[in-house]
Structure formats: C-alpha cells, structure tokens
Amino acid sequence: QKAEGGASKVADTSFGGNAMVEWPKIYTKRWEEGGVYHFRCSDTPQDESWECWSNYDRLNNQIDHFYTPIYFGSNVSSKLRSISGQANMVSQNATTEINYAKANGNDWYTEVLADRLLIQDLLVMMGKSTDGQTVYGKGRCDTNSAVNTGTMNSRGMFWGSNNGTDGVKVFGMEHFWGNLWRRTAGWMNVNGTQKVKLTRGTKDGSTASDYNTDGNGYKTVSGATPSGTSGGYISSMSSTFEADGLWYNNSGTMYAVVGGDWGNGLRCGPFCASLSDAPSNSGSGVGAALSCKPLATA
C-alpha cells in the first residue's frame, strides 16, 4: 500500500519506479582472529576502522540509503525492472543485464557484492547459524522450474518453508536464494584469482572507475584460489562445512552468480555461489536483479 493510502504500483509496469527495499546507513567491522571470522554492525561508526561499504554512490560519497530488489529482474521494454507478476528475465549475458539495469538511470545497476556480503552477515547474526536454509527456509530448490515474480506477496518480510518449492523471503526480498541464479557485480574469478570491488567508484581502493566484466582494476584476494570439488559444499569456513555449494572454473574469466536455482537442493542458500560462468554465458536458470545507490544530496 502507499504510505498516504491507496493501492501501490508494485505490479504496474507503466509506473516509472521499481519495487525496492530501502536500507539505512549500516557501518560494519569484519576481521579474522584465531581462525574465527568476526562481524559487527552499527548505525554509527565506533572508530575509523568501521565502514559502510553499501552506502557509497558512484562518486565515492556516503549516502543515507541504498536499495535492493523485492523481485527478481524482469524485462519491460528493454529495462530490467523489479515488478510483481512478471516473467523473469533469463537467458541473457551479463552485459545485456547490466545495460538493461542502467536503462533505469545512472544510479541503477544489477545486484552488487557489497550488498550481498552485508545481508549474508546480518542473516548469520540474526539466525545464529551459517545454515540459512535451516533457519530461514529451504528456498525453491527441489523442483524443475522457476516461478515468476510476486508469488510471495502475501508473505511477511521473513518467510520460508522446508518443502523446497514455495521459496524463501528475507528482508522483504523474494528468492534471495533458490529459484534462479542471481548475477552479481563486483566478484570475479580470473584464472583462479578472486577479484572483488565493493563500491562502484574507487572508495574501496580499487582503480576501476566502475564495475566491469573482466576484473581489471579490481582488488585481488590473496590465497583464495577455489579448490576441491566444484559443486561441493563450502568447507573453508568451518570443519563441518557450510550448508551451501560452490562451483568454480579456474581457467578463464568468470563472473559470479549467487544463491542457486530451482534444482540445487541443499547446495542452495545465502552463501551459495558459482564462479564458473563467463560473463558471456547465458541460461534459463540465470538472470539478474536490480540495485540502486542514489547520488548523495548536496
């Protein structure tokens, strides 16, 4: 509903906006000590080591709010939209997805790594577990097709089930894992070297002036070459393995897709990722969704 009353435009493709979740400024601190990963968050920085990586615009300025999609991306007149009751845009390459996202305006892009990392950590903190499928819901991961957008409109901000077909909803976002792979900017696997970019500008210390599809100018993550069984469970985080799967290909330039699709079973989840798809690849189980970081006000 609209704040002032009346029906929302959530399913209206002629409306100029998109259905998004508004996030406040969230400062975080992350570190590893004694083999243990630590995460803290606050609405104010506790010291100079705290940062709000999701709250930077493309010109390196801090912003009060950023936006993530309620719905998976749909193609409406060659724009990537977040609208209820639409077919999912799949079977496109990364460049097309990005161009369709940017067709909404200069502040728009596909989903980005910094937002994914923040939401992952918040889910672990709130659920007191890295097994997001057990805590929040299995997701649509035990069936043979995806569902269109808006099937979870009647659900609350957080909702899930264990049947593997209904899907999962966290922070008001449909299918944060399961249903369809979500291509995510800022995370590359280039010949076995993981490269990341946390801000669209250069605030994170990267030298690339925008996200790209080759990882040039991204920050290099040392000692993080994927290994083991592609498609197996993530084991480097704990002795009992993560509940999610990791696929990888260390030969070539790979662009991250996350969350898993309709047929991954327990290898789906908030940490599920594939670093085995070139940006030129497309498929019926892969697409993208929107993000928005408006320019800071003067």
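Trainee: In this predicted model, in which loop does Ser-78 lie?

Mentor: The model is a predicted one, and the place of Ser-78 can be given by the two strands on either side of its loop. These are S5, which covers 74-76, and S6, which covers 79-81, so that Ser-78 lies in the loop between strand S5 and strand S6.

Trainee: What is the phi of Ser-78, and is Ser-78 buried, partly exposed or exposed?

Mentor: Most residues other than glycine have a negative phi. Ser-78 is not a glycine, yet its phi is positive, near 65°. With a relative accessible area of 40%, which falls between the cut-offs of 20% and 50%, Ser-78 is partly exposed.

Trainee: Which residue just after H2 takes a positive phi, and how is its exposure classed?

Mentor: The residue is Lys-128, in the loop between helix H2 (113-127) and helix H3 (132-136), and its phi is about 55° although it is not a glycine. Its relative accessible area is 75%, and because exposed means over 50%, Lys-128 is classed as exposed.

Trainee: How many of the 15 residues of H2 are buried?

Mentor: H2 reaches 21 Å from its first C-alpha to its last, close to the 21 Å expected at 1.5 Å a residue. Its buried residues include Leu-113, Asp-115, Arg-116, Leu-118 and Gly-127. The helix is mostly covered, and the number of buried residues is 11 of 15.

Trainee: Where is Ser-161 found, and with which side chain does its own side chain make a polar contact?

Mentor: Ser-161 is found in the loop between strand S8 (159-160) and strand S9 (168-170), and it counts as buried because its relative accessibility of 16% is under 20%. Leaving aside neighbours within four places in sequence, Ser-161 is in contact with Gly-137, Lys-138, Gly-139, Asp-166 and Gly-167. The polar contact of its side chain, at 3.0 Å, is with the side chain of Asn-163.

Trainee: How many disulfides does the count come to?

Mentor: A disulfide requires a pair of cysteine sulfur atoms within 2.5 Å, and by this rule the count comes to 0. For Cys-272, the nearest cysteine sulfur is that of Cys-268, 5.6 Å away, while for Cys-292 the nearest is that of Cys-52, 16 Å away. Neither Cys-272 nor Cys-292 is in a disulfide, and the count is 0.

Trainee: What are the relative accessibilities of Cys-272 and Cys-292?

Mentor: Buried means under 20% relative accessible area, and Cys-272 and Cys-292 are both classed as buried. The value for Cys-272 is 1%, and that for Cys-292 is 6%.

Note on methods
Residues numbered from 1 in each chain as written. Predicted model: local features only at pLDDT ≥ 70, side-chain atom pairs only at ≥ 80, totals over all residues. Heavy atoms only, no water. Helix = DSSP H or I, 4+ residues; strand = E, 2+ residues; numbered from the N terminus. Buried < 20%, exposed > 50% of the residue type's maximum accessible area, 1.4 Å probe, protein only. Polar contact = N/O pair within 3.5 Å; in protein donor to acceptor, adjacent residues only side chain to side chain. Contact = heavy atoms within 4.5 Å. Expected span 1.5 Å × (residues − 1).
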